[in-house]
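Student: I would like to go through this structure and ask how each label is justified.
Tutor: Go ahead; each answer will set a value against its criterion.

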There are 2 protein chains.
Amino acid sequence: MKFEAATIKDIAKALGLSTSTVSRALRDSYEISEATKKKIKDYAAAINYRPNPVALSLKEKRTLSIGVVVSEIANTFFSQVINGIESIAYKNGYNVIITQSQESVAREQMILDYLTSRSIDGLIISVSGETDDFSYLKQLHEKSLPIVFFDRVIEDIDTHKVIIDNFQGVYKATTHFIENKYKRIAAIAGSAHLSITKDRLAGYKKALADHQIAVDESLIRFCDHGGLMVEEVATAVDALLALKQKPDALVLLADKITTETFSLLKKKNIRMPEDMAVIGFNNSKYTSLFSPALSVISQPAFEMGAQAASLLLNLIESKRAVTEFRLECLPPEIIIRESSQK
Amino acid sequence: MKFEAATIKDIAKALGLSTSTVSRALRDSYEISEATKKKIKDYAAAINYRPNPVALSLKEKRTLSIGVVVSEIANTFFSQVINGIESIAYKNGYNVIITQSQESVAREQMILDYLTSRSIDGLIISVSGETDDFSYLKQLHEKSLPIVFFDRVIEDIDTHKVIIDNFQGVYKATTHFIENKYKRIAAIAGSAHLSITKDRLAGYKKALADHQIAVDESLIRFCDHGGLMVEEVATAVDALLALKQKPDALVLLADKITTETFSLLKKKNIRMPEDMAVIGFNNSKYTSLFSPALSVISQPAFEMGAQAASLLLNLIESKRAVTEFRLECLPPEIIIRESSQK
DNA sequence: TTTATTTACGCAAACGTTGCCGGTATCGTG
DNA sequence: CACGATACCGGCAACGTTTGCGTAAATAAA
């Protein structure tokens with residue numbers, strides 16, 4: 001593009017001064033007389049001068065931009081998180097480069113490679129469901145690229161993390177079923193690799209145990225792509241429905257799995273909650289409009305994004321190496337509607 | 001961050017060569033002997049050398065990044081468009097900086113100011129509903145910043161645009177109502193400033209006219225913030241319900257207005273389609289799960305984003321000034337479900 | 001008046017990369 | 001043996017900005 005912006009040189013030439021004088025005047029250095037300062041500032045304003053951020057980046061070795069990796073932008077949860085990240089980032093003069101891994105390790109690696117070669121100052125990431133080799137992220141972390149994990153975190157890597165209390169969320173949801181006299185409570189989870197899957201499943205099992213219900217492994221199904229592949233959810237649902245002793249309640253441990261399962265059950269004319277009670281993770285406001293209105297475990301997504309961004313900016317802007325890392329754990333919200341109680 | 005990347009200088013020093021030789025070797029210049037090339041390339045690979053994109057940007061006067069402005073990321077339509085944009089951009093080595101105007105002109109101006117000062121190579125934008133002063137965008141366009149409009153376009157500015165056939169979409173939806181014997185068909189539209197609002201309303205009026213139905217202006221309501229403010233939709237709905245002659249069908253001309261209205265009608269226990277038939281713009285897959293299943297006008301959002309990105313890259317990478325601009329007009333999809341027919 | 005101090009500005013280097021211009025071997029040709 | 005051609009490589013400037021250092025003029029102190 002021919003879009004030529006005015007530079008500090010242009011100002012210097014026009015006013016018969018040196019570039020250093022102009023630079024200093026614009027930054028209000030005490031070394032420049034008030035008269036010259038005014039002249040320079042007025043002229044700069046007149047031609048609408050903007051410092052070239054690229055030149056700044058080159059000099060200061062920072063780009064004022066942060067990378068964000070999520071599995072899918074179109075997922076309500078993630079777009080809300082991004083909102084939160086943006087709100088903090090822009091307030092602090094950073095811009096946000098958003099990418100999606102589509103739950104694929106290959107893509108995730110590519111993206112990380114790309115992002116870091118594009119020189120981002122820091123990274124906010126929810127790792128893909130396929131990821132079980134964290135060496136690449138570890139390398140980046142060891143090269144001291146500031147990283148904040150959210151949602152799907154990696155235990156091994158010591159840095160700030162923002163999650164929700166997945167255990168409690170699912171514990172409560174499962175308990176809610178138990179209290180409503182459901183006997184065979186099944187679960188469909190996302191990728192088994194993920195920290196959130198483990199935590200959520202732990203909450204499910206603990207709730208059963210606390211009420212003297214034995215865990216039946218045949219009632220637990222996994223979707224390795226977190227529901228991004230339609231068939232994997234169908235397979236899981238079909239498997240559960242094919243059991244001799246069918247489940248009477250279903251707790252769904254990932255956003256996409258929840259809506260996909262709901263959709264499948266409707267297609268099969270399975271009444272909720274009569275034939276099958278349902279509750280699941282989901283952050284869309286639309287679930288209240290479903291028929292039946294869907295009970296959900298909802299996450300404070302905006303808040304998560306905002307906190308992750310704040311922590312990352314701390315990391316980036318701290319002078320000395322940070323050694324104390326925070327694990328922010330936010331409470332999920334359980335919203336009981338029609339689909340989960342008789 | 002202390003994250004120090006290897007530079008071409010490091011390679012030069014380590015191998016006792018000059019930076020220019022290294023640079024040329026890495027770019028496979030014929031002026032460098034095969035032996036030296038190999039040595040340099042091997043060493044570069046060993047230390048995982050990556051050219052510094054910031055330095056490149058400064059030199060080449062391009063940043064390989066494009067700015068995107070939408071009103072709200074969490075809106076399904078826009079997140080799908082962004083998906084489309086990303087798919088093309090990343091394939092071509094560009095990264096995408098996404099921002100949201102929240103339907104506010106003030107924020108839009110701020111963002112544009114910010115984006116252009118961050119030196120983007122081009123801009124893809126769906127203007128905010130409040131915007132009726134386009135001078136800022138015009139200035140950018142005249143400074144020959146490549147711009148592609150989508151969804152909400154500005155007639156005055158001569159550049160590539162990607163829209164859907166809003167007129168046809170609403171014409172068909174309205175005709176669908178008429179054919180189903182609905183008599184008083186109302187419409188709730190977004191901001192009156194917007195091109196899409198005008199086109200959609202024109203489709204509505206034409207359909208009525210073609211069936212000898214007089215247009216009743218009291219049946220047309222506007223939401224200046226496109227439904228982002230909850231109250232404005234409530235006001236519009238209440239006004240329609242307060243009419244002596246209530247409408248029996250409702251066509252909703254913006255994504256958020258559709259879901260908001262649907263939600264309001266449910267709360268008021270107004271049966272759809274018996275008391276009020278409803279169809280509206282919306283791109284969420286979830287509308288099929290609503291009760292009643294919602295009839296929608298759906299847009300090929302991914303495709304729109306992909307086309308917009310392609311056109312923008314053409315603009316950016318074309319050697320000589322482009323004077324022929326394209327207006328891509330994609331067909332919307334009308335999905336009839338329960339909410340719009342008896 | 002001379003010297004010391006302050007004020008106000010310019011010069012040049014640096015960030016990482018490319019490209020122009022130039023230079024030095026080595027080789028081939030007559 | 002001399003000369004041009006070729007192959008291969010280095011020096012320097014430039015992109016826009018900041019910053020340490022230098023320095024002239026102006027002012028203050030002796």
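**Labels and their grounds**

Tutor: This is a predicted model. DNA strand D is surrounded by 25 residues, and the closest are A:Thr7, A:Ile8, A:Ser20, A:Asn52 and B:Thr21.

Student: What makes a residue count as near DNA strand D?
Tutor: Its C-beta atom, placed from the backbone, must lie within 6 Å of the strand. Helix H1 (8–15), H2 and H4 of chain A, together with H2 and H4 of chain B, each supply at least two residues of the surface near DNA strand D. By class, that surface has eight nonpolar, eleven polar and six charged residues.

Student: Which residues are closest to DNA strand C?
Tutor: They are A:Ser18, A:Ser20, A:Thr21, B:Ile8 and B:Ser20, out of 24 residues that surround DNA strand C. H4(B) gives the most to the surface near this strand, with four residues. The classes there are eight nonpolar, eleven polar and five charged.

Student: How do you know that chain A and chain B are related by a two-fold axis?
Tutor: A turn of 180° with a shift of 0.0 Å along the axis lays chain A on chain B with an RMSD of 0.1 Å. That is the relation of a two-fold axis. The same surface serves both copies, as 100% of the contact residues of chain A recur in chain B.

Student: Which residue of chain A comes closest to the rotation axis?
Tutor: A:Phe290 does, with its C-alpha at 2.0 Å.

Student: How many residues does each chain give to the contact?
Tutor: Chain A gives 39 residues and chain B gives 39 residues. On the side of chain A that touches chain B, H4, H5, strand E2 (95–100) and helix H11 (255–267) each supply at least two residues. By class, this side has 18 nonpolar, 15 polar and six charged residues.

Student: Why is A:Ser310 called buried?
Tutor: The cut-off is 20 or more other C-beta atoms within 10 Å. A:Ser310 has 20 C-beta neighbours inside 10 Å, so it counts as buried. A:Ser310 lies in helix H12 of chain A.

Student: What makes H12(A) largely enclosed?
Tutor: Twelve of its 17 residues are buried, so the rest of the structure largely encloses H12(A). Among the buried ones are A:Met304, A:Gln307 and A:Leu312. The buried residues of H12(A) pack against elements of chain A including helix H5 (76–91), strand E3 (122–125) and strand E11 (327–330).

Student: How do you know that the span of H12(A) agrees with its number of residues?
Tutor: At 1.5 Å a residue, its 17 residues should span 24 Å, and the end C-alpha atoms are 24 Å apart, so the two agree. For H11(B), with 13 residues, the reach from first C-alpha to last is 19 Å, close to the 18 Å expected.

Student: Which residues touch the most other members of the largest nonpolar core?
Tutor: A:Ile124 and B:Ile124 do, in a core of 91 residues. Leaving aside neighbours within four places in sequence, the contacts of A:Ile124 include A:Ile66, A:Phe150 and A:Leu312.

Student: Is B:Glu274 buried or exposed?
Tutor: Exposed residues have 12 or fewer neighbours. B:Glu274 has 10 C-beta neighbours inside 10 Å, so it is exposed. B:Glu274 is placed in the loop between helix H11 (255–267) and strand E9 (277–281) of chain B.

Student: What is said of phi at A:Asp151?
Tutor: Most residues other than glycine have a negative phi. At A:Asp151, which is not a glycine, phi is positive, near 60°. A:Asp151 lies in the loop between E4 and E5 of chain A, and it is buried because 25 other C-beta atoms lie within 10 Å. B:Asp28 also has a positive phi, of about 60°, but it counts as exposed, with 9 C-beta neighbours inside 10 Å.

Student: What kind of peptide bond joins A:Ser291 and A:Pro292?
Tutor: The bond is cis, with omega about -5°. A:Pro292 lies in the loop between strand E9 (277–281) and strand E10 (295–298) of chain A. In chain B, a cis peptide bond joins B:Ser291 and B:Pro292, with omega about -5°.

Key: Residues are numbered from 1 along each chain as its sequence is written. Chains are lettered from A and ligands numbered from 1 in the order in which they are written. This is a predicted model: local features need pLDDT of at least 70, side-chain atom pairs count only at pLDDT 80 or more; totals for chains, interfaces and linings use all residues. A nonpolar core is a set of buried Ala, Val, Leu, Ile, Met, Phe, Trp, Tyr and Cys residues joined through C-beta atoms within 7 Å. Two residues are in contact if their C-beta atoms, placed from the backbone, lie within 7 Å. The expected span of a helix is 1.5 Å times one less than its number of residues. Ala, Val, Leu, Ile, Met, Phe, Trp, Tyr, Cys and Pro count as nonpolar, Asp, Glu, Lys and Arg as charged, and the others, Gly among them, as polar. Copies are superposed by least squares on the C-alpha atoms of residues with pLDDT of at least 70 in both.
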